[in-house]
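Q: Hey, I'm new to this one. Can you walk me through what you see?

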Amino acid sequence: MKELEALLTSIPQFIECDRVTGEDCFYGRLCLRDIHELDDILMNINEIAETSTSIVKATPIKRRAAPV
């Protein structure tokens, strides 16, 4: 887990990453100039972990402050 976390931290395209419960260990958000950039990133990660990729098509609710 520490090796994977260090790898994810070293990839500048990761703009956010959370350690989560459940089937997945990490949930990351990347900012890419081109979708082809994703292939190289995934190849590096897949050397030590399995990945599952989803692409955001729209953001109907943007991040907002929690209701108080």
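A: Sure, one term to begin with: contact, or touching, means heavy atoms within 4.5 Å. With that in hand, Gln13 touches Arg29, Leu30, Cys31, Leu32, Glu37 and Ile41, leaving out residues up to four places away in sequence.

Q: What kind of model is this, and how are residues numbered?
A: This is a predicted model, where local features need pLDDT of at least 70, side-chain atom pairs count only at pLDDT 80 or more, and totals for chains, interfaces and linings use all residues. Residues are numbered from 1 along each chain as its sequence is written, and side-chain values use heavy atoms, with hydrogens and water left out.

Q: OK, how many helices and strands does the protein chain have?
A: The protein chain has 2 helices and 2 strands, and from the N terminus on they run α-β-β-α. Helices (H or I, at least four residues) and strands (E, at least two) are DSSP runs, numbered from the N terminus.

Q: Back to Gln13: where is its place, and is Gln13 buried or exposed?
A: Gln13 sits in the loop between α1 and β1. Gln13 is buried because its relative accessible area is 18%, and buried means under 20%, exposed over 50%, partly exposed in between (1.4 Å probe, protein chains only).

Q: And Leu32, which was on that contact list?
A: Leu32 lies in the loop between β2 and α2. Leu32 counts as partly exposed, because its relative accessibility is 27%. Leu32 and Gln13 are 19 residues apart along the chain, yet their C-alpha atoms are separated by 6.3 Å. Besides Gln13, Leu32 touches Glu37, Leu38 and Ile41, again not counting residues up to four places away in sequence.

Q: Which residues are buried in α2?
A: Those are Glu37, Leu38, Ile41, Leu42 and Ile45. They're on the same side of α2, because they cover an arc of only 120° around the axis; that arc is taken from the directions from the helix axis to the C-beta atoms.

Q: What do the buried residues of α2 pack against?
A: They pack against α1, β1 (14–19) and β2.

Q: Which residues make up the largest nonpolar core?
A: There are 8 residues in all: Leu4, Leu8, Ile11, Phe14, Phe26, Ile41, Ile45 and Ala49. The elements giving two or more residues to this core are α1 and α2. A nonpolar core here is a set of buried Ala, Val, Leu, Ile, Met, Phe, Trp, Tyr and Cys residues joined through side-chain atoms within 4.5 Å.

Q: What does Ile41 touch?
A: Ile41 touches Ile11, Gln13, Phe14, Leu30 and Leu32, not counting residues up to four places away in sequence.

Q: Switching topic: how much space lies in the largest pocket?
A: About 980 Å³. A pocket is an open set of points on a 1 Å grid over the protein atoms alone, where a 1.4 Å probe fits, with protein on both sides within 12 Å along at least five of seven lines; lining residues have an atom within 4 Å of a point. The volume is the space filled by probe spheres set on the points, which are joined across faces, edges and corners.

Q: How many residues line the largest pocket?
A: The lining has 28 residues, and Phe26, Gly28, Leu30, Ser52 and Thr53 lie nearest the centre of the pocket. The largest share, 5 residues, comes from β2.
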